[in-house]
Structures are given as structure tokens and as C-alpha cells.
Amino acid sequence: MDAVQQVFKGTFIHSTARCACEVKENHILGTGKDGKILFFEDAHTQSRLAQKWGFDESNIQALGKNEFFMPGMIDTHIHAPQYTFIGTGMERPLLEWLAHTTFPIEDTFSDIENARNKYSAVVRRTLRNGTTTACYFATIHTDASIVLADTANQYGQRAFIGKICMDHNDTYQKYKETTEESIRETKRFVEVLKKKKYDRVKPIITPRFAISCSERLLNELGKLADENDLHIQTVMAHGCYLTNEELDIFRERGAAVSHCPNSNISLCSGHLDVRNVLNHRVKVGLGTDVAGGYSISLLDAIRKSIETSKILFMERSKNDWDTNDIESFQKGNMTPNGINRGAENIPITPEKNPNVLSYKDAFRLATLGGSEALSIDHMTGNFEVGKEFDALLINPDAKDSHFEVFSHIPKEKQSKSKIIDQTIKNFLFIGREQHKIELKDIYYQVY
Ligand SMILES: [Zn+2]
């Protein structure tokens, strides 16, 4: 086992460019000392692989009957300090919520000890929910933002940390920087993190939003990002009202969208037609947008993205409802909105209905889609050889699992792949955070 760190055998589920949710049964995956995937092949090649890579076949770790690996999930938009007041002040309109709740509480992160306690809670909680990569907004405070970076590194989470830049804020005067301060402190933040040389934690240039930054500040931040080859927080959160022309510009410029369905609903921002964004070949991932969104879980984002897609579909098709069709419905003809429309009978399966997002599409958004949106798809997002083995081990048979796998298929017609398909759906729709999290060398056993 010289070059090889670990070898696993069993079921792996991931997304590829061609397939939103590819199930690889009876596969064998090996990782190197650097945590990267060395091989990922059908298990019938086991002996050849053992010879080639020099590992002992008795060291292979076999997964249990219903266990599977999936890629760690990626939160493309989350405000770390806002986890501490989820659900507070949500009855207010956005700007009032920012002025009365968000800014005063974010301002308390000038106290490092306060930041340390709260950021530790955020990182542990996101990990328990299967978020192995997070793109964080912190606050305007440099030292507290460094604490968030240290914390993510300590727990092994991949993270982009954004010290917020904001030189305009008339709604809560106390919580802002001067232009000079913002530039100087952002430089210091980048310098400190560069020196720390964290493998998985990097700074990201983060203007809070356009109206809170002067043009001079935005220009200087752009320069700083160029000089240091840094990511810039340009993933557009929400984007509910992007026109087709704007989506074309997004594609041409390589800009991405972070779909935050919980926050879109909670803040009454609107519904993003994510199918249309995908049709324009724009990169899109999922975000919780805590605390605009009230859930820190990407499983919630998966479910809400499917629900949003169905709401849009219902809104569009409501004019097609025809009560005369009830007779036809009673004969057993059904369409997605429940009523038959005669010759236009659309199959109920989302895979065949391009308007509705399927659970497979949503799974892809939470994993590979997120890695593309953050431009880290060369290192994570699925189980391609050469990428890091950034994975969650899902075990529905665990004593404290939040879901069971039932099969309604008659025994003689049961196949392993049908059971796996049911297991994935159960996990995506009723899986929940685990109370304990174990970082097992390089992957997380979360559920
Ligand atoms: Zn946000």
C-alpha cells in the first residue's frame, strides 16, 4: 500500500457532465496519500488494480448492503455570522431586516472570543449536515474572519472565506468601513491567509453588495483579486429576475448563479426558474443563504429547489385546467397538475418533463453544479480520478439513521439498482443531520 491510502468497494453515486445522478454499483475506489482519487473502476478489475497499485486485497474496506458514498455537498452562498439569528426578524422587509437585525448582530463579531464560539458552531453544524464545502460571507472584521478560516481548517471543511467589504451603509452607520480601511484590511486578510497556506481554505474577495461599495472600492478590490489570483464573490445569489439576454451574458463571462430557494421564499424575493438557467448553460449551484434562508442544510435546498420548480410549473399550467376533464381523470388519465388534458397528456415523471426539476437534477446542483459555480470542479464535485475524495458515507442501516429503506417492488422483480434508487430518494427527501460527525481520515460519515 505504498502509494495507496485507502481502498473502498461498494456503491458510489455522483453526477457527471452526461448524467445527473450516476449509480456505480460494485465499484472499487482507491485514494492516494494526498487524498486524491487514484482509481475508480468496476470491481471485476480488483486483482489487476491490486497488482498495479501494490495494495493487499484484504485491506479493501467493503461497504454494507445499503451503504453508499456520494460527493460532499457544496453551499455556494452562506453568511456564517447569520447562523446565530436564523428566523429572527423575518417578518420585516429585506432592508429593514438588514438594519434592525443583521447589521447590529454582525457588528458584535468585532469581539474575537464571540466570533470564535459562534464560528465553531457554524462549521460543526454545516458539516453535520453534509456540507463539506462552503462559500462564506463573514463580517467586515478582519481578525474575526481569520478565525472563521482557522475554524474551517481545524475541522477539515473546504471553504472560501470572505471578509466583507462595505464602505457605504446609511441604514446602520456604525457597521461600515472607510474606503481606505476596507482596502487596507482586505489586503491584510489576504496576506495573513496566504501565509497560513491552508490546503482547503482560501480567501475570497467579497464586496457585500453593489450598493454598499463605492466605485473606487470595487475597482481596488478587482485589482487585488487580479494581483493575487483570488476568487471574487461573483456567484450571483438569487437571480430570480434574470432575463434570457442576461443569462447569455452570464454564460459568455463564465459567471455563475447560486440558487437559494429557501431564502428566495423566506424573503419573498421570487422563484428562480433554474431549468431556464440550466438551459442557457449557465453554471449554477445551490446555496442556503443563511439567514435569509432559515435552514443550514443543503438537503433542504435540494427539496426547496424541486418545490420551487413545481410551483413555477403549476403557475404556468393553471390556465390549462379544464374541469370538464374530470371525467377523463376519473378514468385514470393523469398529468402533472392532476388533470388530464386529452391528447397533450404529459408523462408525470420529471425526467420526461423538462419543466420540472427532478431529484437527480437537484442532487447534481448540490454537488457537481456547486463545484462548477465556484470554479473548483477540477478538485471536487464528483468521483473522477485526480479529484480529492471529498465524500459522505450514507448508511441507512445505521442504528441512528433518520430513514429506513422499504421496497414496494415484489421480491421476484427486485434488483439492487431499484433498491439503490429508492435509497437515494429516501435520503434526499427525508434524510436529516446526524448528531455526531466523524471525520474518518478523508471522508465524512454523516448520516
Ligand atoms: Zn446572501
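**Strands, helices and distant contacts**

Biologist: In S14, which residues point the other way from Lys 283 and Gly 285?

Modeller: All four residues of this account of S14 are buried, meaning that 20 or more other C-beta atoms, placed from the backbone, lie within 10 Å of a residue's own, whereas 12 or fewer would make it exposed and a number in between partly exposed. S14 is a strand, that is, a DSSP run of E over at least two residues, while a helix is a run of H or I over at least four, and both are numbered from the N terminus. With Lys 283 and Gly 285 on one side of S14, the residues pointing the other way are Val 284 and Leu 286.

Biologist: What kind of model is this, and from what number do residues count along each chain?

Modeller: It is a predicted model, in which local features need pLDDT of at least 70 and side-chain atom pairs count only at pLDDT 80 or more, while totals for chains, interfaces and linings use all residues. Along each chain, as its sequence is written, the residues are numbered from 1.

Biologist: Which strands are at the edges of the open sheet of 3 strands?

Modeller: The order in this sheet is S12-S13-S14, with parallel pairing, where two strands pair if DSSP finds at least two bridges between them. The edge strands each pair on one side only, and they are S12 (236-237) and S14 (283-286).

Biologist: Which residue of S14 is the bridge partner of His 259?

Modeller: Strand S13 (residues 256-259) pairs with S14 in the parallel sense over 4 bridges. Within that pairing, Ser 258 stands opposite Gly 285, and the bridge partner of His 259 is Leu 286.

Biologist: Is H4 roughly parallel or roughly antiparallel to H5?

Modeller: The axes of H4 (residues 142-155) and H5 (residues 179-196) come within 10 Å and cross at roughly 30°, with each axis fitted to C-alpha atoms over the stretch in contact and the angle, from 0 to 180 degrees, taken between N-to-C directions. Angles under 35 degrees count as roughly parallel, over 145 as roughly antiparallel, 65 to 115 as roughly perpendicular and the rest as oblique. The crossing therefore makes H4, relative to H5, roughly parallel.

Biologist: Which residues of H6 meet H5?

Modeller: The axes of H5 and H6 (residues 215-228) come within 10 Å and cross at roughly 15°, which means that these two helices too are roughly parallel. From H5 the contact involves Thr 179, Ser 182, Ile 183, Thr 186, Lys 187 and Val 190, a contact being two C-beta atoms, placed from the backbone, within 7 Å. On the H6 side, the residues are Arg 216, Leu 217, Glu 220, Leu 221, Leu 224 and Asn 228.

Biologist: How far apart in space are Glu 177 and Ile 140, C-alpha to C-alpha?

Modeller: Glu 177 sits in the loop between strand S9 (164-165) and H5, and counts as buried because 21 other C-beta atoms lie within 10 Å. Leaving aside neighbours within four places in sequence, Glu 177 is in contact with residues including Ile 140, Ser 182 and Glu 185. Although 37 residues separate Glu 177 from Ile 140 in sequence, their C-alpha distance is 7.6 Å.

Biologist: What separates the C-alpha atoms of Arg 128 and Arg 432?

Modeller: Arg 128 lies in H3 (residues 112-128), and counts as partly exposed because it has 19 C-beta neighbours inside 10 Å. Arg 128 and Arg 432 are 304 residues apart along the chain, yet the separation of their C-alpha atoms is 9.1 Å.
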